[in-house]
Amino acid sequence: PPNRSSKGFRHVYSFSLLYSVHSILEGMAVGSEKDWLMVFTLTGALSLHKALLAFALGVKIVEERQSLETHIRSVAFFAFSSPIGVAIGVGVELSHSDMAVKTLVAGLIQAVATGTFLYIAFVEIVTPELNKPDLPPLLKVLFLAFGYAIMCAVQFIPEGDEKIIPNNSTLDIIMTELLPGIPIN
């Protein structure tokens, strides 16, 4: 039976709101892109990411045993968030603002997107999972560290052509700005 408790209801809607804000910001990144190849690449990545978020949202709604009406509202709000973000991104990109203002807006958007992602990851997903008694906590922490290691390793995969050292990557930033005296080659 549906759980109409105020805590579960608020939890589902806060989860849905955070995912939707995150999706709006991701959509804005797609909408502000000028290169068509990057638009298609970002759209593919966004679609895969959004499918995983939709699955997590569905699981949260089912776990909280909410009504069908809550299911529909939460999913509809989440589904329309990316297209709204794309429209906002296109609007910002087509505006006749100064380049410095566009860069500032893009930076703020990325900061908020990162903040919502970190909040969702650590507060809404990782912490409750670590508190569940289904597996030993040490094993969960090891798998979490393994996942982070994989994501860090992905940063060192060359971008684009066949260069050994990728352009505009985290490795370049580390080598040129944090360790300026060390040669890259």
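The side chains of Arg73 and Glu69 form a salt bridge, with nitrogen and oxygen 2.8 Å apart, in what is a predicted model. Both residues belong to helix 3, which spans residues 68-94, and they sit 4 residues apart, about one turn of the helix. Arg73 is partly exposed at 48% relative accessibility, and Glu69 is likewise partly exposed, with a relative accessible area of 46%.

In total, the count comes to 3 salt bridges, and the table sets them out with their N to O distances.

| Salt bridge | Distance, N to O |
|---|---|
| Arg73 and Glu69 | 2.8 Å |
| Lys140 and Asp134 | 2.8 Å |
| Glu63 and Lys132 | 3.6 Å |

The salt bridge of Glu63 with Lys132, at 3.6 Å from N to O, links distant parts of the chain, since Glu63 lies in helix 2 (residues 36-63) while Lys132 lies in the loop between helix 4 (99-131) and helix 5 (137-154), the two being 69 residues apart. Glu63 counts as partly exposed, at 43% relative accessibility, and Lys132 also counts as partly exposed, at 31%.

The salt bridge between Lys140 and Asp134, 2.8 Å from N to O, joins a buried residue and an exposed one. Lys140 has a relative accessible area of 12%, and because buried means under 20%, Lys140 is counted as buried. Asp134 has a relative accessible area of 53%, and because exposed means over 50%, Asp134 is counted as exposed.

Key
Residues are numbered from 1 along each chain as its sequence is written. This is a predicted model: local features need pLDDT of at least 70, side-chain atom pairs count only at pLDDT 80 or more; totals for chains, interfaces and linings use all residues. Side-chain values use heavy atoms; hydrogens and water are left out. A salt bridge is a side-chain nitrogen of Lys or Arg within 4 Å of a carboxyl oxygen of Asp or Glu. Buried means under 20% relative accessible area, exposed over 50%, partly exposed in between (1.4 Å probe, protein chains only).
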